[in-house]
Amino acid sequence: MTHPSPTARPMDGTALARRITETAAADAAELQRRTGTSPCLATVLVGEDPASVTYVRMKQRRCEKAGIRSRHVALPATTTTEELVATITGLSQDPDVHGILLQHPVGPGIDERAAFEAIAPDKDVDGVTMHSFAAMGFGLPGFVSCTPGGIMRLLDAYDVDLTGKHAVVVGRSAILGKPAGLLLLGRDATVTYCHSRTADLSAHVRAADVLIAAVGRPRFIRGADIKPGAVVIDAGYNPGNVGDVDFDSAVERASLITPVPGGVGPMTIAVLLEQTVRAARQQLGV
Ligand code: NAP
């Protein structure tokens, strides 16, 4: 049996993330040389959820490799909202800390929004506060949510012209789908959001010039629904290293596509590192 040859060019997030990280490392070294201080990212983890422990460790290791110090705060699962807010407020006021990352999710008993809002806007390098979200919505300078920020960098690196294009975002979470749509709108795309209550999802997907899959369901979007020549960004990361798009069928329809792994995933941490160095430079006045 013969298969049609793939037509889509893969978008190499690993290579782009490496370049962004190298620049962040060079900037961190320059900052250390000029001020005697290296950037410092505080990571806050509540409880011991294995996936969260792994994510935080990975972020710390990447920081270390880029010359960014990390300060880890591990809190027990019994932590109250008040205790977590007090811890984050302390980090917000600590001049030796330039960026703060509160690992999501924080557990059922805690008011996560209150905890996020305790992050000082100038240290919100993960782009999770209402301040950062509003700045992004208004198109003002600020820190963006790292995964959508990484998606935009990938689109730019591959010269995807967004003006007047129909971008369809499947998923509307506060950290991914919603900000991704706002960033695309800010770049003059015509944006449609889809979610679990959307009627006739396939019809919307078929209309997409640029498709952002941010659902959290393995191989949920099939190639048959992808408009020939579309740009497909798969932000999904499901057990078994599987994305939200069925890669094998999508690659035969799309013009550009992110693989999983190696597409959006590495970009998230790269943007986090970049934003941490930027926060340190701003706070140190360099
Ligand atoms: P989430 O908070 O669970 O949101 C999932 C979104 O998908 C929701 O808006 C939901 O709609 C929508 N959805 C669920 N079922 C649907 C259906 N049948 N049809 C249409 N929409 C549907 O997830 P998330 O945090 O945004 O993450 C999404 C995916 O991205 C996951 O695979 C996650 O692992 C991955 N991710 C990757 C990175 C990275 O660094 N690469 C970072 C973050 C997340 P409702 O709003 O109606 O419920």
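**A guided tour, from two domains to a ligand**

Start with the whole chain: the centres of domain 1 and domain 2, taken over C-alpha atoms, lie 29 Å apart. To colour them, select 37-127 for domain 1 and 146-264 for domain 2; such bounds come from an automatic or database domain assignment. This is a predicted model, in which local features need pLDDT of at least 70 and side-chain atom pairs count only at pLDDT 80 or more, while totals for chains, interfaces and linings use all residues. Residues are numbered from 1 along each chain as its sequence is written, and side-chain values use heavy atoms, with hydrogens and water left out.

**Stop one: β2**

Select residues 40-46, strand β2, where seven of seven residues are buried (under 20% relative accessible area, 1.4 Å probe, protein chains only). Strands here are DSSP runs of E, at least two residues long, numbered from the N terminus. C40, A42, V44 and V46 point one way, L41, T43 and L45 the other. Now add residues 69-75: this is β3, parallel to β2 and joined to it by seven bridges. Zoom in on L45 to find its bridge partner in β3, A74.

**Stop two: β7 and its neighbours**

Next, pick residues 210-213, strand β7. V210 and I212 on one side are buried, as are L211 and A213 on the other. Show β5 (166-170), which runs parallel to β7 with four bridges, then β8 (231-234), also parallel to β7 and joined by four bridges. L211 is a good residue to centre on: V168 stands opposite L211, and V232 is the bridge partner of L211 in β8.

**Stop three: P95**

For a change of scene, go to P95 in the loop between α3 (81-93) and β4 (99-102). Is P95 buried or exposed? P95 is exposed, with a relative accessible area of 70% (exposed means over 50%). Draw a distance to D49, 46 residues apart from P95 along the chain: the two C-alpha atoms are separated by 30 Å.

**Last stop: the ligand**

Finally, select the ligand and the 19 residues around it (those with a heavy atom within 4 Å). R172, S173, S196, Y237 and T268 come nearest. The shell divides into seven nonpolar, 10 polar and two charged residues. For polar contacts (N or O atom pairs within 3.5 Å), try these:

- R217: an N or O atom in its side chain is 3.3 Å from a ligand nitrogen.
- A235: a polar backbone atom is 3.2 Å from a ligand oxygen.
- Y237: a polar backbone atom is 2.9 Å from a ligand oxygen.

The protein covers 70% of the 920 Å² of accessible area that the ligand has on its own (Shrake-Rupley method, 1.4 Å probe).

Key:
A polar contact is a pair of N or O atoms within 3.5 Å; within protein, one must be able to donate a hydrogen and the other to accept it, and residues adjacent in sequence count only if both atoms are side-chain atoms. Ala, Val, Leu, Ile, Met, Phe, Trp, Tyr, Cys and Pro count as nonpolar, Asp, Glu, Lys and Arg as charged, and the others, Gly among them, as polar. Two strands pair if DSSP finds at least two bridges between them.
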